[in-house]
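With the model open in your viewer, follow the stops below in order, making each selection before reading on.

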Amino acid sequence: MTLQPVFVHGWACSVDVWQPLSALLSSDTACFVDLGYFTSSDTEPLGPECLEQIEADRPILGIGHSLGLMWLLAQRKWPEGSRFIGINAFARFTQDESFAQGVAPRVLARMATGLQRAPEDVVNNFRERCGLQPVEGASLRISALQDGLQMLMTGDVRCSTQELTHHRQHNLLVLAGAADPIVSPDMTRSAFAPETLIVWEPGGGHMLPLTHTRFCADQIRQFMNETF
């Protein structure tokens, strides 16, 4: 049975981040989950409910950018044989007593407060750090952004990622940028089990699907060829 590709973008991003990569991978059956951070006058992409359209027993190839991997692994117990690829991803984001390499909770709390007072500033400051263009404040869906920020603050899928690499199954690939300003190399290494296959792009920042599209596509193909 072939895997069903499912793409999930990160916080303050949209499905647009997948356009270059999906074109190289040429998958006509992919599901692009839109977490709804922005309004659009165009035809709306499939929302999270598109996951319900996937056959219950069909394994997926889950590809998540940044928060997207955590979101995928937090949704359900996926069928045996599913594989996952995290790009600029993490299994835990916020610092706690078991994860000293995470982002300080006060930073996330400040962003949460800012979403109430000046949401456009919060979103665009984050997007600027990522290397993305600013967006108009009128396009923001504040409740969805708050939900995503809450997952960044409290989400923890380290147990799920450990299961994917248990006994070196290699059902998880992580593509990381050594110059990522959002997810540091220390955070990346600490968020995943030591057995996790992590491939580094030395000059990569936080938007590898856009800035290093060929690297991502080549690594995904190699991962799938080696694990089947």
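Which residues in H3 meet which residues in H4? Bear in mind, as you make the selections, that this is a predicted model. Select helix H3, residues 105-117, together with helix H4, residues 119-130, and you will find Met111, Gly114, Leu115 and Arg117 on the H3 side meeting Pro119, Val122, Val123 and Phe126 on the H4 side. The axes of these two helices lie 6 Å apart and cross at an angle of about 135°, and H3 and H4 are therefore oblique to each other. Coloured by class, the contact of H3 with H4 shows six nonpolar residues, one polar and one charged.

Turn next to helix H2, residues 67-75, and helix H5, residues 142-154, whose axes are 11 Å apart and whose packing angle is about 85°. Because angles of 65 to 115 degrees count as roughly perpendicular, H2 is described as roughly perpendicular to H5. Display the side chains of Leu67, Met70, Trp71 and Ala74 in H2, and of Gly148, Met151 and Leu152 in H5, since these residues make the contact. This contact between H2 and H5 comprises six nonpolar residues and one polar residue, with no charged ones.

Stay with H2 and centre the view on Ala74, which lies in that helix and counts as partly exposed at 43% relative accessibility. Once neighbours within four places in sequence are set aside, Ala74 is in contact with Met151 and Val157. A distance drawn between the C-alpha atoms of Ala74 and Met151 reads 9.6 Å, although 77 residues separate the two along the chain.

Now select Gly36, in the loop between strand S2 (31-33) and strand S3 (60-65), where it counts as buried at 12% relative accessibility. Leaving out residues up to four places away in sequence, Gly36 touches Arg141 and Ala144. The C-alpha atoms of Gly36 and Ile142 are 9.5 Å apart in space, while the two residues are 106 apart in sequence.

Two backbone positions deserve a closer look, and a general point sets the context: most residues other than glycine have a negative phi. Ala12, in the loop between strand S1 (4-8) and helix H1 (19-25), is not a glycine and yet has a positive phi of about 65°; Ala12 is also buried, with a relative accessible area of 0%. Ser66, which is found in the loop between S3 and H2, likewise has a positive phi, of about 55°, without being a glycine, and its relative accessible area of 5% makes it buried.

From Ser66, move to Phe90, which touches Ser66 as well as Leu67, Leu69, Met70, Leu152, Val183, Met187, Ala191 and Phe192, residues up to four places away in sequence not being counted. Phe90 also belongs to the largest nonpolar core, a set of 71 residues, in which those with the most contacts inside it are Val6, Trp11, Phe84, Ile85, Ile87, Phe90 and Val123. In soluble globular proteins, nonpolar side chains tend to be buried together.

How many disulfides does the structure hold? Select the cysteines to confirm that there are zero. The sulfur of Cys13 has its closest cysteine sulfur in Cys130, at 5.8 Å, which is too far for a bond. Cys13 is buried, with a relative accessible area of 3%, whereas Cys159 counts as exposed at 57% relative accessibility.

Terms used
Residues numbered from 1 in each chain as written. Predicted model: local features only at pLDDT ≥ 70, side-chain atom pairs only at ≥ 80, totals over all residues. Heavy atoms only, no water. Axes fitted to C-alpha atoms, helices over the stretch in contact; angles between N-to-C directions. Helix = DSSP H or I, 4+ residues; strand = E, 2+ residues; numbered from the N terminus. Parallel < 35°, antiparallel > 145°, perpendicular 65-115°, else oblique. Contact = heavy atoms within 4.5 Å. Nonpolar A, V, L, I, M, F, W, Y, C, P; charged D, E, K, R; others polar. Disulfide = S-S within 2.5 Å. Buried < 20%, exposed > 50% of the residue type's maximum accessible area, 1.4 Å probe, protein only. Core = buried A, V, L, I, M, F, W, Y, C linked by side-chain atoms within 4.5 Å.
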